Amino acid sequence: MKIWAIASWAARAAGVLGALNIRGPSDPAAKRQLQDLVTWDDRSIFVRGERVMVFAGEFHPFRLPVPSLWLDAMQKIRALGMNAVSIYIDWALLEGTQGRYRADGVFALEPFFEAASEAGLYVIARPGPYINAEVSGGGFPGWLTRINGTLRTKDRAYLEASDIYMANICKAIAKAQITNGGPVILFQPENEYSSTTGRTKPFPDGDYVQYIIDQARAAGVVVPMINNDVGAYGNLKPNNGPGSPDIYGHDAYFWGPDDCERPDAWRNADFSWGAKHKDISPKTPHSLVEFQGGSWMSWGGPGYDKCAHLMGPEFMSIFYKTTFGMGVKLLGSYMTVGGANWGNLGNDGGISSYDYGASVREDRRVDRAKYSEIKLVANFVRASEAALALAVPDNATASVAVGPGGQPLEVSRLSVPGPTAENQARTQFLVVRHRDITVATSTPYTLSVRSSRGPGDVSIPRQGGSLTLQGRDAKVHVVDYDAGGVEVVYCTADIFTWKRMPDGRVLLIVYGGVGERHEIGVAEASVAGGGNKGDTTPPSSGNTLIRDGIISFSWEVTEAEKREMIRLGSLDVMLLDRAQARAFWVVDVANHPNATAKKAPTDGALVVKGGYLIRSASLDGSVLRVQGDFDRTATLEFMGVPPQATALSVNGNSTNFSVDATTGFWKTTVLHWKPELKLPDLNSPGQDWRYVDSLPEIRPGYDDARWPRANRTTTPNIAYPNLATPVSLYAADYGFHSGFLVYRGSFVATGAETAVALQTQGGVAFGSAVWLDDKLLGAWPGENNVQIREATFDLAGPPAPGRHTLTVLIDNHGHELNLVSDGDVMKKPRGVMSYSFTSSQPQPAVEWALTGNLGGENYLDLARGPLNEGGLWAERHGYHLPGAPGASWAARHPVADGIPSAGVGFFATRFALDMPRGFDVPLYVVLANSSGSGTGGRGDVAGGNYYRVQVFVNGWQFGRYVSHLGPQDAFHVPEGILDYHGENWLAISLWGSQPGGAKLAGIALTTAPGTAGPSVIMSGYKNVTLVEAPAWTERAGAY
């Protein structure tokens, strides 16, 4: 275990911020002297002296607590054609106890950096200290609520509070920098530092951000600093005093959960930020650190499948192509790989899943059409990197003519100004979309462009007719495009990739939509090396024209899944429809002889058609080894096989293949078989479920003597200092920040009390309930937009004079985000805010005790981290952990029996798995859906079926369910948390908030539910290991 308690280096250096003498150099030339492997100019980033288009997929390692699966996620990002991964790091998980930094086990970053390197991805490190990311407190640990300083400002208390975390996390990042042979090429200090309440003047405060930069530099971070403005607002521009980043970046989001409710009802998006970069930061490459790739999901929301539909393949085509058409040179797709808000790590507004409707699902399946569509875009960017990295927006020489019945079009033009120092051809990229992106009808059009081949404008298509834009789509047309030495004068079809083949020919792969007509023109002289004019194979539908030194041909995309090969001298053009193009992969070949001396991005790569996923390829002597996944029997084609290869292995199995005599393509068939799965029937009356009461606090005679006492007469919370109670009942004041909270208030009744008013606060969609002794007074089941609830409860007759106890149960949904930098709303308290009795006598004095997770900030389960447990009795005793003494509990079934009255029942069962090896089979704990229950999502409907569930698997909390809100009722539990080859412990807490108690409608362990995608995948990834975490032992001091 790595535990450091490092004294504040800032305090050692000086007593005031201005006296710190550790700042990195401020002028650009000096900054570049820190290292020379990652540099930049106004066009692009350079890595090792070469221009790079950085296309990053966002992934959060902490949202997948199985380190042996991180390489799986990295390979799926790389398989898209992306070359980088962007990561947030959650401070709250690493310093749950102030002054103790823990980064081992699932929280260690070293295995992640190794996985990124193995997959061939650069890393953009984003450690905050504030990250937002829809995590509790935006990544701030709960103990920050007690510091005497405003968060995200240069208040000394806040800055010093961040020192230990930043010193350690930045040291880990520094070790993984490209300068040390690692993958990290960029560092982002802070995040979305873009808004203020007005208290910070001037804003943004460069001194504050400079402190964070200095923390990183002091720990050895030397790669460039990039910021992430919440929009193109120009906050913290380069070379603008303290806090200036090296490279200016911002994010761009368009739609949210409410839009997902109507996934086919698009609304227009504001792309005006595209033109602002030149004014904001003209000397740095246009960088979109976060660009929308899906959406978070609210309680009671429409669900992620609708978001994946709304922001599906059409969105990916229009928005991502438009973005690159604006001259963006760094783009991070947020999210690319979904994850989980396991163990209470999410913020109060979000559900347990962080699937995000991303290209790669939370369960890591890649069956969404958007995955395949962004793969088309990313591989075009990769193949066109040399020109795209140099190209700049220029709309002066491109025009479009809309045909009859068409809608107005928007054309973005990028061009490479020539001649250039890099001797790059003057390439043009023309991105065409409907001006009104909601248009779903087709528009005919022609383009007028000017080529370097001669004076005057050229109308495209040259052979007459028109092009077609089919509704919600975008096209990238190229002019003067260099494909491996072949001069493509123009091409109206989208380019997927191109590759120089072993025989010296060039393979160009293009695609279009069914019903479209396309045309390509190639400079005759550039293909003469492979034949003459007569060495031409025309398309089966369309025409060929040779004029003015240009060979052009047209074709119609008339049939899905039809493929044609056109030969033009030394150029082979593969014509595909879009659906078929999505089945292609471009994968780097390890040990490829061209890999170290490649002149083009695809020189060391292999083009593969077929398969569910192609992960990797390598050359082992004369054997081409390919790793991939298959959801059905697949025919694979390999294009550009290294000439040294004479044998083929797929997933470690020697495989026969045939070779096409004309193209040299290899072809083989991989057989898929579906294994028998044996999953337990958790609903079965024969399943041995055990039960223990998890709210004994409401039973007569319960003793809370060992509980923490609420004894603070003031609160250290400077943002919310005014208490409405004699002592603070803020949970965070006593170190409790996650999961359920339980309060017990002991008082001596006079017999005159008739009602009690109570105000509770637990974040969005929280729930609460109150008992007088063992009698339920009432409950608040929760609503999506309600964070605080005040109610008066009738005592149903005055209590007898003497001592009584109020028990208050609160489902705390986590700390609020702190997006407005100095708003301090992360400090908004959770717990009991106020109480009072209705009485003809003076108010009785109430002595309060409270609890959350056992130990609070001194949490016991170091392996699962500081947020995994809450304050229920069973959690405090560790009974959610495997090995708990359930055999001694009562037999009771959560479906057949449930709990008979309001309270909390804790149910647990064991089951064994023996899953087939060599297969990826995502598993879910599924609760029969009772969302709504006739309540319309409201929390005050008489007779509503109100209950809440937590799901624990082998001690890890992977689900929180609210019966009337949903939308999530299926909770993915990854292999490595589940033991796929051994015994597992499943525990659930069931809180029934109504007098009649509650029972589950059903519970099951299933493969991926409710989707058309594959549920059993034959996989070449076989490295999943069970996460090491402690089993149950009796907890000393548990109460």
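Is Arg51 counted as buried or exposed at 15% relative accessibility? Arg51 counts as buried (under 20% relative accessible area, with exposed over 50% and partly exposed in between, using a 1.4 Å probe and protein chains only). The model is predicted, with local features needing pLDDT of at least 70 and side-chain atom pairs counted only at pLDDT 80 or more, while totals for chains, interfaces and linings use all residues. Residues are numbered from 1 along each chain as its sequence is written, and side-chain values use heavy atoms, leaving out hydrogens and water.

**View 1. Polar contacts of Arg51 in strand 4.** Arg51 lies in strand 4, residues 50-52 (strands are DSSP runs of E with at least two residues, helices are runs of H or I with at least four, and both are numbered from the N terminus). Its side chain makes a polar contact of 2.7 Å with the side chain of Asp41. The side chains of Arg51 and Ser44 are joined by another polar contact, at 2.9 Å. A polar contact is a pair of N or O atoms within 3.5 Å; within protein, one must be able to donate a hydrogen and the other to accept it, and residues adjacent in sequence count only if both atoms are side-chain atoms.

**View 2. The open sheet of three strands.** The strand order is 2-3-4 and the pairing is antiparallel (two strands pair if DSSP finds at least two bridges between them). Strand 2 (38-40) and strand 4 are the edge strands, each pairing on one side only. From one strand to the next, the twist averages 40 degrees. Three bridges link strand 2 to strand 3 (residues 45-47) in the antiparallel sense. Val38 has Val47 of strand 3 as its bridge partner.

**View 3. The open sheet of six strands.** Here the order is 50-41-51-57-54-55, with antiparallel pairing. Strand 50 (890-891) and strand 55 (956-962) stand at the edges with a single partner strand each, so one side of each has no neighbour in the sheet. Strand 54 (residues 947-953) and strand 57 (residues 983-992) run antiparallel and are joined by seven bridges. The bridge partner of Val951 in strand 57 is Ile988.

**View 4. The crossing of helix 7 and helix 8.** The axes of helix 7 (residues 163-175) and helix 8 (residues 206-218) come within 8 Å and cross at roughly 45 degrees. Axes are lines fitted to C-alpha atoms, for helices over the stretch in contact, and angles run from 0 to 180 degrees between N-to-C directions. Helix 7 is therefore oblique to helix 8 (angles under 35 degrees count as roughly parallel, over 145 as roughly antiparallel, 65 to 115 as roughly perpendicular and the rest as oblique). Asp163, Met166 and Cys170 of helix 7 make the contact with Tyr211, Ile212, Gln215 and Ala216 of helix 8 (heavy atoms within 4.5 Å).
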